[in-house]
Each structure stands twice: as structure tokens, then as C-alpha cells.
Amino acid sequence: MSNEPNELTEARVLLGRFESEMHRPESLAHLSEALSLLADIRAETTSENVGQVASNLSLAYAKKVQVQVESLLFREPSVHWETVEHWQKVFGEFERSGFTLPQDVAETRSKLLMKKMKRDIALMSPSERKQLLEQLQAMDDK
């Protein structure tokens, strides 16, 4: 059995820490560091296998995040803006590190944001909704 690079082992440990507390804002630091290591490994390795492992780890954790967010969307009638912001930062961390979100994960990200927007719009007065619609139409006209 071949030894994996120390950076890959370190990334696995950090991802485990992230997973155990992914609902907490503090977990973002673990994710950020792990993804940074994985991005470096992918960019610098001469082993195609090691580079693929780094990419697969990122994908696996993006899918774990997706499962958590889908569960949240299913069980919660509305989602607080702080929760939406946290998960948006988590999704954004993958992209910031150079890992493209798969289509289904990106769709989950959009559903989270849309759920929040629908709630916010429902809480608006008729005049506020009208003003929002006018602003959106003006953006479309440009």
C-alpha cells in the first residue's frame, strides 16, 4: 500500500472536523484550510491518482453539504437569513478554492436562496412588492 502525501492526510483530518460541526460558523475555517490543501495537491502533484483523490474528496464533501441543506429545506418551513448566509459561505468556499460545484449541488444552493427570497417577498407589503417588481423590470430593460 502506498503512502499518501502528508497534506492529503491533513486535509482528511480537517474535513472530518468540518463535517462534525458543519452547521457552525467556526467549521468554515476547517473547510477552507482543507480545500486549500486539496487545491494545492491537485495543482502540484505529479501523480494523477493523488490529484484525483483530492478532487474526489472535495466532491464528496460538497455532496455531504448538499445532503444537509436538502434536509434543512425539507424540514424547515422558512430559513433564517443567518442560516442561509452560513450555507452560502460554505458553498462559496468550494468555488473559491477552485472546485466547481456539480450541477445538482449548485441547484441545492439556488433552492436555499430562493426559499429565503420567497419568504422575504411574502412578508412585504403590496407597495413594497410593487416597488421590487418595478426594480426588477428596470434591471431587465438595461
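The largest pocket of this predicted model has a volume of about 190 Å³. Its lining consists of His23, Pro25, Leu28, Trp81, Glu82, Thr83, Glu85, His86, Trp87 and Lys89. Helix H4, which covers residues 81-96, provides the largest share of this lining, namely seven residues. Sorted by class, the lining holds four nonpolar, three polar and three charged residues.

Attention may now turn to charged side chains. Side chains of opposite charge can pair when their charged atoms come close. Across the whole structure, a search finds 10 salt bridges, and three of these pairs are described here.

One salt bridge joins the side chains of Glu4 and Arg12, with a distance of 3.0 Å from N to O. Glu4 has a relative accessible area of 30% and is therefore partly exposed, since this class lies between the limits of 20% and 50%. Arg12, with a relative accessible area of 37%, is also partly exposed.

Another salt bridge brings together the side chains of Glu70 and Lys111, at 2.9 Å from N to O. This pair links distant parts of the chain: Glu70 belongs to helix H3 (residues 48-75) and Lys111 to helix H5, and the two are 41 residues apart. Glu70 counts as partly exposed because its relative accessibility is 26%. Lys111 is likewise partly exposed, at 42% relative accessibility.

A further salt bridge connects Lys116 with Asp120, whose closest N and O atoms are 2.7 Å apart. Both residues lie in helix H5, four residues apart, which corresponds to about one turn of the helix. Are these two partners buried or partly exposed? Lys116 has a relative accessibility of 10% and so counts as buried, because the limit for this class is under 20%. Asp120, by contrast, is partly exposed, with a relative accessible area of 31%.

The final topic is a nonpolar part of the surface. Which residues form the nonpolar patch? The patch is made up of Leu113, Met114, Met117 and Ile121, which together have about 320 Å² of accessible area. Ile121 is located in helix H5, a helix that comprises residues 103-122. With a relative accessibility of 34%, Ile121 counts as partly exposed. A residue must have over 30% relative accessible area to join such a patch, and Ile121, at 34%, therefore satisfies this requirement.

Helix H5 thus appears in several parts of this account: Lys111 lies in it and pairs with Glu70, Lys116 and Asp120 both lie in it, and Ile121 of the nonpolar patch is found there.

Terms used
Residues numbered from 1 in each chain as written. Predicted model: local features only at pLDDT ≥ 70, side-chain atom pairs only at ≥ 80, totals over all residues. Heavy atoms only, no water. Patch = residues over 30% accessible without salt bridge, like charges linked within 9 Å, V, L, I, M, F, W, Y side chains within 5 Å. Areas by Shrake-Rupley, 256 points an atom, 1.4 Å probe, with all protein chains shown as cover. Salt bridge = Lys/Arg side-chain N within 4 Å of Asp/Glu carboxyl O. Buried < 20%, exposed > 50% of the residue type's maximum accessible area, 1.4 Å probe, protein only. 1 Å grid on protein atoms, 1.4 Å probe; cavity = no way out; pocket = protein on both sides within 12 Å on 5 of 7 lines; lining within 4 Å. Points joined across faces, edges and corners; volume = space filled by probe spheres on them. Nonpolar A, V, L, I, M, F, W, Y, C, P; charged D, E, K, R; others polar.
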